[in-house]
Amino acid sequence: MKTLPKILSINLLLFLCCSIAYAQKAPQWVLPTTPFNEAETARLMERGSATIEGTATLKKKGKDNFGVKGSQILLFPVTPYFTEFLELKKKFNNRKKQATMSPVAFTYRIEGRFLDDKGTFQFTNLKPGKYYIISWIAFARQKTIAVQTGTSTSYNVYGYALGSSPIYEDYHYDVFIENEVSGFVEVNEAGAVVNVMVSN
């Protein structure tokens, strides 16, 4: 009988480990069924003379939040493969299933950086075609937590303590959450300068 608590402890530990492993289970990745045409995508990304420029803004509760200087913004050429990926993304974007691209397809992108703290960006040397711009912008969400700052003690007329109760004070703090902003843009001719606003 003395070994029973030890056995129970081991069983409990195994149960907790299994529960944690289940909770952290990776989602099922869903890939497009359309074949990825690498040669055609490479041609779309050949050097050109057009420019896409503009700003990226995340609107939350009437407030504009901008991409900050140095943070990343991506540009993808729009292909049948990428179009299917976007459609899958609308359907599968949860803990169980998530849409994704193949590692090779994901390499065919242009990585840009915001030029200032107002979400300004620019992509140069592009060929005419359809593109998809995407970035992630952070916004602040205020949280409140009650913190015990003291104790209040009540006494009777003889000076004996009758009881005590905690004193709480609310503290406010910001949690920063990233949301996606994205959109399509089309370059119709060589040498064009296309202005665009990307938002949620």
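This section describes the fold, cores, cavity and selected residues of a predicted model.

The chain has four helices and ten strands. From the N terminus on, these elements run α-β-α-β-β-β-α-β-α-β-β-β-β-β. The order thus ends in a run of five strands, β-β-β-β-β. Of the 200 residues in the chain, 26% are buried. Contacts often link distant parts of the sequence. Among contacts between residues at least 6 apart in sequence, 78% join residues at least 24 apart.

In soluble globular proteins, nonpolar side chains tend to be buried together. In this model, the largest nonpolar core holds 21 residues. Within that core, I52, F121 and I133 touch the most other members. The elements that give two or more residues to this core are all strands: β2 (50–60), β4, β7 (120–126), β8 (129–155), β9 (161–187) and β10 (193–199). The contacts of I52 illustrate the packing. With residues up to four places away in sequence left out, I52 touches L75, F121, Q122, F123, L126, Y131, I133, V185, V187, V194 and V196. Both F121 and I133 are therefore direct contacts of I52, and they stand beside I52 among the members that touch the most others.

A second core of 14 residues is separate from the first. Its members include L74, F76, A105 and Y132. Two of these, F76 and A105, also line the largest cavity.

Rolling a probe the size of a water molecule over the atoms shows where empty space is left. A search of the whole structure finds one cavity of 30 Å³ or more. The volume of this largest cavity is about 70 Å³. Its lining consists of F36, T41, F76, P77, T79, Y81, F82, M101, A105 and Y108. Two elements, β4 (72–77) and α3 (80–91), each give two or more residues to that lining. By character, the lining residues divide into eight nonpolar and two polar. No charged residue is among them.

Helix α3 also meets its expected length. At 1.5 Å a residue, its twelve residues should span 16 Å. The end C-alpha atoms of α3 are 17 Å apart, which agrees. The buried residues of α3 are Y81, F82, E84, F85, L86 and L88. Of these, Y81 and F82 recur in the cavity lining. The buried set of α3 also includes E84.

Another buried position, T57, lies in strand β2. The relative accessible area of T57 is 4%, so T57 falls under the 20% limit and counts as buried. Not counting residues up to four places away in sequence, T57 touches D64, N65, F66, I137, V181, V198, S199 and N200.

Two residues other than glycine have positive phi values. For K61, phi is about 50 degrees. K61 sits in the loop between β2 and β3 (63–66). With 87% relative accessibility, K61 is over the 50% limit and therefore counts as exposed. For N125, phi is near 60 degrees. N125 belongs to a strand, β7. At 32% relative accessibility, N125 lies between the two limits and so counts as partly exposed. K61 is thus a loop residue, whereas N125 is a strand residue.

Methods
Residues are numbered from 1 along each chain as its sequence is written. This is a predicted model: local features need pLDDT of at least 70, side-chain atom pairs count only at pLDDT 80 or more; totals for chains, interfaces and linings use all residues. Side-chain values use heavy atoms; hydrogens and water are left out. On a 1 Å grid over the protein atoms alone, a cavity is a set of points where a 1.4 Å probe fits but cannot get out, and a pocket is an open set with protein on both sides within 12 Å along at least five of seven lines; lining residues have an atom within 4 Å of a point. Grid points are joined across faces, edges and corners, and a volume is the space filled by probe spheres set on the points. Ala, Val, Leu, Ile, Met, Phe, Trp, Tyr, Cys and Pro count as nonpolar, Asp, Glu, Lys and Arg as charged, and the others, Gly among them, as polar. A nonpolar core is a set of buried Ala, Val, Leu, Ile, Met, Phe, Trp, Tyr and Cys residues joined through side-chain atoms within 4.5 Å. Buried means under 20% relative accessible area, exposed over 50%, partly exposed in between (1.4 Å probe, protein chains only). Contact means heavy atoms within 4.5 Å. The expected span of a helix is 1.5 Å times one less than its number of residues.
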